[in-house]
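Colleague: I'm new to this one, so could you walk me through a few of its charged and cysteine side chains?

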Amino acid sequence: MPALTRNKKKAATKSITPPTKQLTKSKTPPMKPQTSMLKKGAKSQNKPPLKKQKKEVVEEEPLEDYEVTDDSDEDDEVSDGSDEDDISPAVESEEIDESDDGENGSNQLFSDDEEENDEETLGDDFLEGSGDEDEEGSLDADSDADSDDDDIVAKSDAIDRDLAMQKKDAAAELEDFIKQDDVHDEEPEHDAFRLPTEEELEEEARGPPDLPLLKTRIEEIVRALKNFKAFRPKDTTRKACVEQLKADLGSYYGYNSFLIGTLVEMFPPGELMELIEAFEKQRPTSIRTNTLKTRRRDLADVLLNRGVNLDPLSKWSKVGLVIYDSQVPIGATPEYLAGYYMLQGASSFLPVMALAPRENERIVDVAAAPGGKTTYIAALMKNTGLIYANEMKVPRLKSLTANLHRMGVTNTIVCNYDGRELPKVLGQNTVDRVLLDAPCSGTGIISKDESVKITKTMDEIKKFAHLQKQLLLAAIDMVDANSKTGGYIVYSTCSIMVTENEAVIDYALKKRDVKLVTCGLDFGRKGFTRFREHRFQPSLDKTRRFYPHVHNMDGFFVAKLKKMSNVKQSSEEGDDDAVETVEQAEVSSDDDDEAEAIEETEKPSVPVRQPKERKEKKNKEKLAKSKEDKRGKKDKKSKSENVEEPSKPRKQKKKRWEWKNEIAQAREEKRIAMREKAKEEK
């Protein structure tokens with residue numbers, strides 16, 4: 001019976017529903033299909049199985065209902081059309097409730113148990129309120145929920161990205177910590193490597209070098225040497241790794257054992273590889289503006305119009321330009337021929353900048369060819385004062401004089417002397433400043449001359465160092481310590497060897513009353529104060545070193561000395577022996593026939609006569625002392641010998657000076673004769 005009453009109510013409601021549905025259509029016709037579809041969708045979410053059964057069992061009832069409502073709507077449109085505006089919102093709510101009841105009424109076709117359950121749910125719905133209002137509110141909630149869901153998804157994605165980045169950063173930090181940490185419990189298998197055995201090395205030596213294998217092995221050894229405790233190969237020592245690295249570098253890059261061994265001793269493994277790789281590349285081309293004729297800005301504009309791609313050299317130079325590429329030969333432009341600029345490496349600017357010449361000074365350039373530094377000095381002096389441009393090699397005098405004329409230099413005298421004889425020619429303590437760009441092994445310019453890799457040996461380095469010491473002492477002797485504006489000597493080489501640089505300066509500091517001063521250069525690395533077993537004076541940190549892998553210029557060394565007094569320091573007996581060797585080296589290095597003849601005649605007389613005279617004097621002294629004191633003691637004899645011995649070197653010094661003067665005169669006579677012959681031939 002409750003089911004029957006329910007059906008009656010539903011029938012009554014159905015009779016009322018058509019006009020209400022028409023009213024709703026007239027008010028909001030476009031919104032009705034959307035709400036109906038959404039209602040169906042909402043109910044399908046609540047009870048999907050019931051709706052399936054409803055579609056399967058009853059299909060005609062909803063069609064009949066819709067037909068009735070449509071007919072009633074057509075009949076009542078004219079009569080009720082005028083009252084649409086007078087309908088209260090309460091009627092609308094009732095219509096919505098009735099439509100819900102009508103839809104729920106379709107559940108009568110199911111079993112009684114299901115109907116009882118439906119009634120209970122309907123009672124709950126009536127108590128809670130109309131379902132349509134909930135559904136309309138759910139639409140807005142759904143739209144808000146969708147936007148909220150999108151925001152949440154975007155936020156979650158951003159959080160996931162941040163977490164991924166944090167994980168990557170943490171992994172990178174962990175790898176860096178593992179590399180830098182000195183103590184590790186276990187070594188990963190992929191990081192471990194082993195050195196080749198003797199048999200493998202023999203097999204490699206039989207065939208051509210395997211360059212990829214050598215490259216990978218060099219990289220592995222360098223990586224191990226950077227952190228030897230962490231990446232140490234099994235059952236190997238550091239010495240074995242270093243020796244294998246020397247061999248591999250020599251065979252891969254073409255260095256001899258001496259030079260690569262010296263470089264390994266001077267630089268750590270990582271920096272060593274950077275230096276060697278820098279030697280394999282050419283340095284950028286640079287030019288120096290001749291301020292006697294033009295300005296850098298004007299020169300740059302002209303060269304840019306000719307298709308030259310250039311930039312200013314650096315902040316430390318006001319006259320330098322870097323040439324990247326050019327459509328015309330940079331050494332054959334009209335500006336070059338007119339002397340507006342000079343092709344000159346960036347490292348060659350440094351010695352002149354350290355010398356800092358002033359106007360109206362007397363300056364000596366000991367090794368002047370081809371004239372880049374000399375013309376720079378003349379430009380800084382504005383063609384005032386006097387410059388002695390000396391060059392020992394005759395073939396290089398042509399380029400020196402040509403560049404001086406082309407650049408418009410008028411205050412320079414070109415001379416052809418051995419730099420060690422300049423104090424005799426120009427006089428001692430007569431000039432204000434001296435620039436000595438000494439001849440060297442060229443280990444800093446391997447990119448220009450790759451033959452240095454093979455040709456240079458320890459004996460040649462020692463010969464260069466010996467010559468450099470002589471030239472530096474001669475340069476110091478020419479400078480006047482009492483000069484008001486000068487008294488400075490600049491020593492520079494294009495070598496990176498300690499033997500040719502710091503060792504030579506340390507020797508000069510001991511032999512002459514000079515001190516090191518700052519070079520006036522804001523960049524560059526400090527010189528060595530200690531190197532392996534050598535210990536130099538602490539003031540050598542004022543010298544400057546320049547490397548291709550750090551400063552992008554040729555390897556160079558610059559030191560600036562200030563002469564404190566014109567008095568030479570007293571030499572000891574050991575120094576006299578060193579002077580003898582120096583003089584012998586001077587004579588042997590010359591090709592003069594007359595000098596060789598003088599050596600043959602005078603050299604034997606010195607060693608032959610001296611021992612006889614010494615023996616006779618010693619015998620006389622012993623006899624005299626034995627007569628005077630029968631108890632003669634050995635200590636007194638040694639003291640008397642030591643007291644009388646200093647008089648002997650003085651006599652030898654006089655003979656040496658005479659001997660050197662005769663040799664110098666013979667050389668000058670020969671040069672005069674050669675010049676006269678050359679004039680006659682012309």
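Colleague: How far apart, N to O, are the side chains of Glu204 and Arg217 in their salt bridge?

Modeller: Happy to help, and keep in mind that this is a predicted model. Glu204 lies in helix H8 and Arg217 in helix H9, so the pair ties together parts that are 13 residues apart in sequence. Glu204 is partly exposed, with a relative accessible area of 28%, while Arg217 is buried at 7%. Their side chains meet in a salt bridge with an N to O distance of 3.1 Å.

Colleague: Which residue is linked with Glu204 and Arg217 in a network of salt bridges?

Modeller: Arg217 forms another salt bridge, with the closest N and O atoms 3.0 Å apart. That partner lies in helix H11 (residues 238-253), so the pair ties together parts that are 31 residues apart in sequence. The residue that joins Glu204 and Arg217 in the network is Asp248.

Colleague: How many disulfides does the structure hold?

Modeller: Let's look at Cys440, which counts as buried at 14% relative accessibility. The closest cysteine sulfur to its own is in Cys494, 3.0 Å away, too far for a bond. A disulfide needs the two sulfur atoms within 2.5 Å. The number of disulfides in the structure is 0.

Colleague: And is Asp418 buried or exposed?

Modeller: Asp418 forms a salt bridge with Arg420, their closest N and O atoms being 2.8 Å apart. Arg420 is buried, with a relative accessible area of 15%. For Asp418 the relative accessible area is 7%, and buried means under 20%, so Asp418 is buried.

Key
Residues are numbered from 1 along each chain as its sequence is written. This is a predicted model: local features need pLDDT of at least 70, side-chain atom pairs count only at pLDDT 80 or more; totals for chains, interfaces and linings use all residues. Side-chain values use heavy atoms; hydrogens and water are left out. Buried means under 20% relative accessible area, exposed over 50%, partly exposed in between (1.4 Å probe, protein chains only). A salt bridge is a side-chain nitrogen of Lys or Arg within 4 Å of a carboxyl oxygen of Asp or Glu. Helices (H or I, at least four residues) and strands (E, at least two) are DSSP runs, numbered from the N terminus.
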